[in-house]
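The exercises below train the reading of a protein model by its surface, its charged pairs and its inner spaces. Please keep the sequence and the model at hand while working through them.

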Amino acid sequence: QERFELPGLRLEGVSSERLTAKFDLTLVLQETEEGLRGGLEYAHDLFDETTIMRFGDHFARLLEQVVVQPQASLDRFEMLGGTERDQLLTMWNATAADYPHERSLHGWFEEQVRRVPDAVAVVQGDRPLSYLQLDRRANQLARHLGQMGVGPEAVVALFVPRSLEMLVGVLGVLKAGAAYLPIDPSTPAERIAFMLHDARVPILLTHSELEERLPSHASRAIFLDLDWAAIDRKSEQAPEVSVLPDNAAYMIYTSGSTGQPKGVSVSHRNASASLSARLGHYGADVPTMLLMPSIAFDSSVASIFWTLALGGERVLPQETEYRDVERLAQIAARRNVTHWLSTPSLYRALFEVAVYPPSLR
């Protein structure tokens with residue numbers, strides 16, 4: 001009560017200023033003749049004044065609506081004001097962007113083949129491939145796959161080590177119109193068998209050195225080392241395959257840590273949108289990038305095509321060099337690597353153990 005009277009006495013409330021909040025957030029309300037009056041007491045470590053003022057506005061707006069519609073369920077009420085609602089749903093959600101909607105994922109690479117055909121596209125050790133050489137080999141593989149009945153919406157598995165053949169396989173499958181399913185060679189046999197069966201893979205691209213790691217499967221295997229003599233007889237011209245924006249470009253399986261692994265297909269349209277957004281956000285060229293992520297992780301897609309879409313050089317360490325931070329730093333320094341995408345723990349090891357390559361941006 002604001003006023004409290006006793007015979008012969010007049011009492012007044014004396015407010016005391018508290019500088020320490022007892023709780024994280026406290027709402028105090030008092031009935032007066034004019035209506036409810038109150039305040040919010042808050043811990044400065046958790047909230048600032050702007051946030052608390054917004055809380056107060058939201059609460060007042062909620063109460064105003066409750067008075068008008070006391071029988072309505074809570075989900076019918078709106079706490080945001082018109083300006084806030086417009087900011088949240090319109091201004092902050094203005095994600096429309098102009099990007100090449102019809103371009104396939106490999107179309108970004110083919111554009112660079114026309115622009116810089118003799119530039120190095122990928123190098124591993126002392127083995128470089130120019131954009132034109134990589135394109136021609138991928139075209140030959142695509143034609144070979146096409147003659148085996150591979151086309152749009154088919155899924156071709158890639159069970160290959162980090163190698164030049166790995167990139168030839170990725171681009172060859174895309175040029176054939178199919179989606180590639182990357183499988184890391186270190187994957188347990190049971191999971192490999194599940195993915196091949198679940199994705200109904202008709203063709204498996206692999207390497208002879210990995211044959212003993214493969215479980216029993218119904219897919220037809222093509223060995224990119226032993227069978228290349230037959231593939232090499234195919235035309236080096238790109239096959240005429242109609243790849244639509246909504247055709248699948250690749251499929252990657254979830255870890256399965258919360259249940260059965262699931263294959264997630266990504267269309268050319270969405271992959272191109274992601275790539276376009278990345279190029280627009282960072283802006284600068286990517287002259288040389290070290291490929292660190294396993295091809296079975298989605299970050300490898302960004303790493304591979306970010307470089308190939310800009311005419312940059314993709315550097316592949318040998319399979320035995322990926323866990324040697326000092327060796328990786330040496331490769332980065334020798335090849336003037338400007339970009340490196342990996343886990344934070346590997347960055348930390350680079351900073352602590354190895355000589356930081358001066359070329360890295």
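Four exercises follow, each with a worked solution.

This is a predicted model, in which local features need pLDDT of at least 70 and side-chain atom pairs count only at pLDDT 80 or more, while totals for chains, interfaces and linings use all residues. Residues are numbered from 1 along each chain as its sequence is written, and side-chain values use heavy atoms, with hydrogens and water left out.

**Exercise 1.** Determine which residues form the nonpolar patch on the surface, and which elements give two or more residues to the patch.

Solution. Start from the rule: a patch takes residues with over 30% relative accessible area and no salt bridge, joining like charges within 9 Å and nonpolar side chains (Val, Leu, Ile, Met, Phe, Trp, Tyr) within 5 Å. Accessible areas come from the Shrake-Rupley method with a 1.4 Å probe, and for residues only the protein chains shown count as cover. The patch consists of Leu25, Leu27, Leu29, Leu36, Leu40, Phe55, Phe59 and Leu63, which together have about 660 Å² of accessible area. Next, the elements that give two or more residues are strand E3 (25-32), strand E4 (35-42) and helix H1 (49-68); helices (H or I, at least four residues) and strands (E, at least two) are DSSP runs, numbered from the N terminus. Finally, Phe59 belongs to helix H1 and is partly exposed, at a relative accessible area of 31%.

**Exercise 2.** Explain why the salt bridge of Arg162 and Glu319 ties together parts that are apart in sequence.

Solution. Side chains of opposite charge can pair when their charged atoms come close. A salt bridge here is a side-chain nitrogen of Lys or Arg within 4 Å of a carboxyl oxygen of Asp or Glu, and the count by this rule is ten. Between Arg162 and Glu319 the N to O distance is 3.4 Å. Arg162 lies in the loop between strand E7 (155-159) and helix H5 (164-175), and Glu319 in the loop between strand E14 (313-315) and helix H10 (325-334), so the pair links parts 157 residues apart in sequence. Arg162 is buried, at 16% relative accessible area, whereas Glu319 is partly exposed, at 34%; buried means under 20%, exposed over 50%, and partly exposed in between (1.4 Å probe, protein chains only).

**Exercise 3.** State whether Glu313 is buried or exposed, and where its salt-bridge partner lies.

Solution. Glu313 pairs with Arg335 at 2.8 Å, N to O. Glu313 lies in strand E14 and Arg335 in the loop between H10 and strand E15 (339-340), so the bridge joins parts 22 residues apart in sequence. With a relative accessible area of 14%, Glu313 is buried, while Arg335 is partly exposed at 27%.

**Exercise 4.** Find which residues line the largest cavity, and which lie nearest the centre of the largest pocket.

Solution. On a 1 Å grid over the protein atoms alone, a cavity is a set of points where a 1.4 Å probe fits but cannot get out, and a pocket is an open set with protein on both sides within 12 Å along at least five of seven lines; lining residues have an atom within 4 Å of a point. The largest cavity is lined by Val160, Pro161, Arg162, Met166, Asp184, Pro185, Ser294, Ile295 and Glu319. The largest pocket has 21 lining residues, of which Arg162, Met292, Ser294, Tyr322 and Arg323 lie nearest its centre.
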